[in-house]
Amino acid sequence: MSFVNKIIILFLVVIVFSCTSYITPSVSTYEGGEYEVSDMNIKSAPQGYSSKKAKNLILLIGDGMGVAQITAGLYSNNKSLYLEEFPVVGLHQNHASDNLITDSAAGATAFACGVKTYNGAIGVDADTIPHKTILEECEENGMATGMVASSTIVHATPASFIAHVKKRKMYEEIAEAFLKTEIDFFVGGGKKYFDRRDDDINLIEQLQKKGYAMSTYFTKEFSDLTIDNSKKFGHLTSDADPVPFSQGRKYLLPAAKTAMEFLKTHEDKSDEKGFFLMIEGSQIDWGGHANNAEYIISEMLEFDNIIGEALKFAKEDGETLVVVTADHETGGFAVNNGSTLDSLKTSFTSTYHTAELIPVFAYGPGAYQFTGMYENTEIYNKMRLALGFE
Ligand code: MG
Ligand code: ZN
């Protein structure tokens, strides 16, 4: 076939394809809802979008998880990741208000509050004005809420969903936010910010007075804990930062699984109203800062197993939207020429974050809103829309 003929055929294929997708409004179906193809051409939310409402929302944030981190995880794991099962993938632009390169505080505040803010800001906008977080709004709507992280629970990512402070390092102030909200379930490190504070106030005792079953760390593996579903639950897994997965941290997967079951049935309220759960794979980022490919890959694969649990839950439940994304890429990580499935040749261009666009994966009611390319703040709008918030 001549070159000209090939071009003509390609041209015809493109025309036929565009006509069928734009003129015939077909409906695609998968577990969790029906979506008209015309609804997929949304450039940014909120727009009129009709579909089944999501009752539960599980937001999974892989801190520092860019496309190269996912690539390295995929090829190190025999070309297999749970992420491949998502029907919808989009890209977000993650710059902060004051810097093209975001940090985790501004990045998570964009998801939690829908505002672009400065690096270091926790739940406040560029003028340091507090904005209600999606976790707080879910609580106001009677939903059960929870957070699980493999960093301290007061670290920038989880903090941005529950606290409103000017600087991310205000860990003791962030810990106080856990008493100001009605969060039902939380697991992460950072016990010292609760019980060995400058003000000598023991927040663990205060949380217990408020009705929390607070479990102490070091004593048991998470999977050995007995959890009373009628009480709120908090578990602080280490004094400061939890150790990497490769050094024996085991709690993230059982805590994430327990969180889903706990929140689904907690005090009967989520049976009716649903729940919001944020799970963070915090240390993919730390592997990037350390320019350590093995650290990245082990954290990435642990996180992917948790993603698999969330998908399994959502498929069985049928009313759960699962959104997986990252705040930013870390390390300028690359998988290079000379790599094989047995041995990846990797390199880094930075020990900090980069400006790379970040993938967003979605499954469940409202998932199709997440296709396309948009600002990180739109993730907040799309999640609210999927939950049917006004
Ligand atoms: Mg983080
Ligand atoms: Zn970082």
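# Exercises on a predicted model

In this predicted model, the residues that donate to the magnesium ion (ligand 1) follow the sequence spacing D-x93-T-x122-E.

## Exercise 1. The metal site

Identify the protein donors of the magnesium ion (ligand 1), and state which parts of the chain Thr157 and Glu280 tie together.

*Solution.* Step 1: the donors are Asp63 through OD, Thr157 through OG1 and Glu280 through OE, and they lie 2.0 to 2.2 Å from the ion. Step 2: Thr157 belongs to helix H5 (residues 156-159), whereas Glu280 belongs to strand S9 (residues 275-281), so this pair links parts that are 123 residues apart in sequence. Step 3: both Thr157 and Glu280 are buried.

## Exercise 2. The nonpolar cores

Determine which residues touch the most other members of the largest nonpolar core, and which helix gives that core its largest share.

*Solution.* Step 1: the core has 58 residues, and Phe161, Phe194 and Phe370 touch the most other members. Step 2: helix H6 (residues 171-180) supplies the largest share, with 6 residues. Step 3: another core, of 49 residues, lies apart from this one and includes Ala256, Leu301, Phe303 and Ala310. Step 4: leaving aside residues up to four places away in sequence, the contacts of Phe161 include Leu59, Ile61, Phe111, Met147, Phe276 and Met278. As background, nonpolar side chains in soluble globular proteins tend to be buried together.

## Exercise 3. The packing of H2 and H12

Classify the arrangement of helices H2 and H12 as roughly parallel, roughly antiparallel, roughly perpendicular or oblique.

*Solution.* Step 1: helix H2 (residues 67-76) packs against helix H12 (residues 293-317) at an angle of about 80°, and their axes are 9 Å apart. Step 2: angles of 65 to 115 degrees count as roughly perpendicular, and H2 and H12 are therefore roughly perpendicular to each other. Step 3: the contact brings Gln69, Ile70, Ala72, Gly73 and Ser76 of H2 against Ile296, Ile297, Met300 and Leu301 of H12.

## Exercise 4. The surroundings of H2

List the buried residues of H2 and the elements that cover them.

*Solution.* Step 1: Ala68, Gln69, Ile70, Ala72, Gly73 and Leu74 are buried in H2. Step 2: their cover includes H12, helix H11 (284-289) and the strands S11 (329-330), S12 (334-335) and S15 (358-363). Step 3: after H2 comes Asn78, which has a positive phi, near 60°.

## Exercise 5. Cysteines

State how many disulfides the structure contains, and whether Cys113 and Cys138 are buried or exposed.

*Solution.* Step 1: searching the whole structure yields 0 disulfides. Step 2: buried means under 20% relative accessible area. Step 3: Cys113 has a relative accessible area of 5% and is therefore buried; Cys138, at 0%, is buried too.

Note on methods. Residues numbered from 1 in each chain as written. Chains lettered and ligands numbered in written order. Predicted model: local features only at pLDDT ≥ 70, side-chain atom pairs only at ≥ 80, totals over all residues. Heavy atoms only, no water. Disulfide = S-S within 2.5 Å. Buried < 20%, exposed > 50% of the residue type's maximum accessible area, 1.4 Å probe, protein only. Donors = N, O, S within 2.8 Å, 3.2 Å for Na, K, Ca; no water. Helix = DSSP H or I, 4+ residues; strand = E, 2+ residues; numbered from the N terminus. Core = buried A, V, L, I, M, F, W, Y, C linked by side-chain atoms within 4.5 Å. Contact = heavy atoms within 4.5 Å. Axes fitted to C-alpha atoms, helices over the stretch in contact; angles between N-to-C directions. Parallel < 35°, antiparallel > 145°, perpendicular 65-115°, else oblique.
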